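This report concerns one protein model and its fold, backbone and surface. Please read it alongside the sequence and coordinates shown here.

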Amino acid sequence: MNSIEPSLFRSVMGRFATGVTVVSYHREGLPAGMTANAFLSVSLEPPLVLVSVRRNSQFTAHVRHGSRYGVNLLAESQQDLSSHFGGRPVEGIPIPFVHSAGTPLIDGSLAHIVARVVDIHAAGDHLLYIGEIEHLSHGTDASPLIFYGGNYRQVHTHAKPAVQWQSTDGW
């Protein structure tokens, strides 16, 4: 029996900086979403992604094998949407849903993915939803929303100089 303290586990995992997504889906015919940072690419061939979801979430009650879900990679300017879909609803917030392939997506995101559930795996108190990508698109060109140490953070980037190589340059 493993005796790792849950608060320590959460604290240690909080040291891993992640991007923030809203996973969108249909709930009783209406667009819905949940904030998730447990999202990753799985495979290029076939193109697969994974989202880890608490067993008791609304998502698990409405998304089944064969269902589609959207992954919206959030920009810094969308922090309020992350909070709203992360369990801290913001009264009256406009949700800029658009649809692609019949799946709700959030307009203004850095990128959009639509995936069809091809497998669901139990993993402790979560379910792992593996989806085959059916649609990809770039969105807004902006800084990403980052989560680290239990808080939203900013990424400070610098323009990289152009790098060129010519065959006469050698190795």
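The text below goes from the overall make-up to a small sheet, then to local backbone features and a surface patch.

The model is predicted, so that local features need pLDDT of at least 70 and side-chain atom pairs count only at pLDDT 80 or more, while totals for chains, interfaces and linings use all residues. Residues are numbered from 1 along each chain as its sequence is written, and side-chain values use heavy atoms, with hydrogens and water left out.

**Overall make-up**

The protein holds three helices and twelve strands, where helices (H or I, at least four residues) and strands (E, at least two) are DSSP runs numbered from the N terminus. Along the principal axes, its C-alpha atoms fill a box of roughly 60 × 45 × 40 Å. Of the 171 residues, 32% are buried; buried means under 20% relative accessible area, exposed over 50%, and partly exposed in between, with a 1.4 Å probe and protein chains only. Contacts are heavy atoms within 4.5 Å, and among those between residues at least 6 apart in sequence, 64% join residues at least 24 apart. The accessible surface comes to about 10900 Å², of which 54% belongs to carbon and sulfur atoms; such areas come from the Shrake-Rupley method with a 1.4 Å probe, and for residues only the protein chains shown count as cover.

**A three-stranded sheet**

An open, antiparallel sheet has the strand order β1-β11-β12, with β1 (18–19) and β12 (151–153) as the edge strands, each pairing on one side only. Two strands pair if DSSP finds at least two bridges between them, and β11 (residues 146–148) is joined to β12 by three bridges in the antiparallel sense. One of the residues concerned is Y148, whose bridge partner in β12 is N151.

**Backbone features in loops**

Two residues other than glycine with positive phi are set out here.

| Residue | Phi | Loop | Relative accessibility |
|---|---|---|---|
| E28 | near 55° | between β2 (21–27) and β3 (30–36) | 70%, exposed |
| A101 | about 50° | between β7 (97–100) and β8 (103–106) | 49%, partly exposed |

The peptide bond from E45 to P46 is cis, with omega near -5°, and P46 lies in the loop between β4 (39–43) and β5 (48–54).

**Surface patch**

I4, L8, F9, V12 and M13 make a nonpolar surface patch of about 510 Å². Patches are made of residues with over 30% relative accessible area and no salt bridge (a side-chain nitrogen of Lys or Arg within 4 Å of a carboxyl oxygen of Asp or Glu), with like charges joined within 9 Å and nonpolar side chains (Val, Leu, Ile, Met, Phe, Trp, Tyr) within 5 Å. V12, which belongs to helix α1 (residues 6–13), is partly exposed at a relative accessible area of 48%.
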